[in-house]
Amino acid sequence: MSHPLEGVRVLDLTRLLPGATLTMMLADMGADIIKIEDPIAGDYARWLGPKIDGQSVFFRMNNRSKRSVIINLKDEQGQTVLKKLAEQADVLIEGFRPGVMARLGCDYDTLHAINPRLVYCSLSGWGATGPYAQDGNHDLNYVSMAGLPGAMETPQVLGGQIGDIGGAYAAMSGIMAGLFRRERAGE
């Protein structure tokens, strides 16, 4: 029996936990994940400890079943490579602050013109608009703003990354709905 997302190609332009969890779940359902990393640091999770055989356990756990390619998106040639990849992709997921993909010439409108069937997901902790849109995104900030640590009998840091994992599930729902709509309506 085949996996439900077999044959679906995903371009993963994310770093750290929310994007890694999201694309890991898509890979588990059979999607072909191409993780695009920058030439200087790659995904920061590669450097987190503990390590086994010199590789981050955190990175290996969350990026299994993915292929990685290094592309300098700040370079015109790198942007051209991404656009070529987007021609044949089904989904693109980016985790940059709002406006970054537009500055790179690889925003939704540009890539949609290249591939109208592309499902484009912007994964952002604070969203594309609003007072925090340009701020850094970290799970502790989200849950603190929501009041979760203080809602406990004794205020404390939570035992897991609720906002990051929850964001991954919400994004996966949107991507699956986009793929479903595309198959039904062709858009």
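In this predicted model, the residue D107 is buried and yet has no salt bridge. The nearest side chain of opposite charge belongs to K83, and it is 7.6 Å away. A salt bridge requires a side-chain nitrogen of Lys or Arg within 4 Å of a carboxyl oxygen of Asp or Glu. In the chain, D107 sits in the loop between α4 (100-103) and α5 (108-114). What does the side chain of D107 make a polar contact with? Its partner is the side chain of T110, at 2.6 Å. When neighbours within four places in sequence are left aside, D107 is also in contact with M101, A102 and Y120.

A second aspartate, D139, can be described in the same steps. D139 belongs to helix α6, which covers residues 139-145. D139 is buried and has no salt bridge; R97, the nearest side chain of opposite charge, is 16 Å away. Which backbone atoms does the side chain of D139 reach? One of them is the backbone nitrogen of I162, at 3.3 Å. Another is the backbone nitrogen of D164, which the side chain of D139 reaches at 2.7 Å. Both I162 and D164 appear among the contacts of D139 beyond four places in sequence, a list that also includes G160, Q161 and G163.

The discussion now turns to charged side chains that do form salt bridges. How many salt bridges does the structure hold? The number is 12. One of them joins the side chains of R9 and D32, with a distance of 3.0 Å from N to O. This pair links distant parts of the chain, since R9 is in strand β1 (residues 9-13) and D32 is in strand β2, 23 residues apart. R9 has a relative accessible area of 30% and is therefore partly exposed. D32, with a relative accessible area of 23%, is partly exposed as well.

Another salt bridge is formed by the side chains of R15 and D38, at 2.4 Å from N to O. Because R15 lies in the loop between β1 and α1 (16-28) and D38 in the loop between β2 and β3, this pair ties together parts that are 23 residues apart in sequence. R15 is partly exposed, as its relative accessible area is 29%.

A further salt bridge connects E183 with R182, their closest N and O atoms being 3.2 Å apart. Are these two partners buried or exposed? E183 is exposed, because its relative accessible area is 54% and the term applies to values over 50%. R182, by contrast, has a relative accessible area of 5% and so is buried, a term used for values under 20%. The two residues also take part in a network of salt bridges that links D90, R117, R182 and E183.

The final feature is found on the surface and involves nonpolar side chains. Which residues form the nonpolar patch there? They are L16, Y44, W47 and L48, which together have about 390 Å² of accessible area. Within this group, L48 lies in the loop between β2 (32-37) and β3 (51-52). L48 counts as partly exposed because its relative accessibility is 36%.

To review the path taken, D107 and D139 are each buried without a salt bridge. The side chain of D107 makes a polar contact with the side chain of T110, whereas the side chain of D139 reaches the backbone nitrogens of I162 and D164. Elsewhere, salt bridges join R9 to D32 and R15 to D38.

Key:
Residues numbered from 1 in each chain as written. Predicted model: local features only at pLDDT ≥ 70, side-chain atom pairs only at ≥ 80, totals over all residues. Heavy atoms only, no water. Patch = residues over 30% accessible without salt bridge, like charges linked within 9 Å, V, L, I, M, F, W, Y side chains within 5 Å. Areas by Shrake-Rupley, 256 points an atom, 1.4 Å probe, with all protein chains shown as cover. Helix = DSSP H or I, 4+ residues; strand = E, 2+ residues; numbered from the N terminus. Buried < 20%, exposed > 50% of the residue type's maximum accessible area, 1.4 Å probe, protein only. Lys, Arg positive; Asp, Glu negative; His and termini not counted. Polar contact = N/O pair within 3.5 Å; in protein donor to acceptor, adjacent residues only side chain to side chain. Contact = heavy atoms within 4.5 Å.
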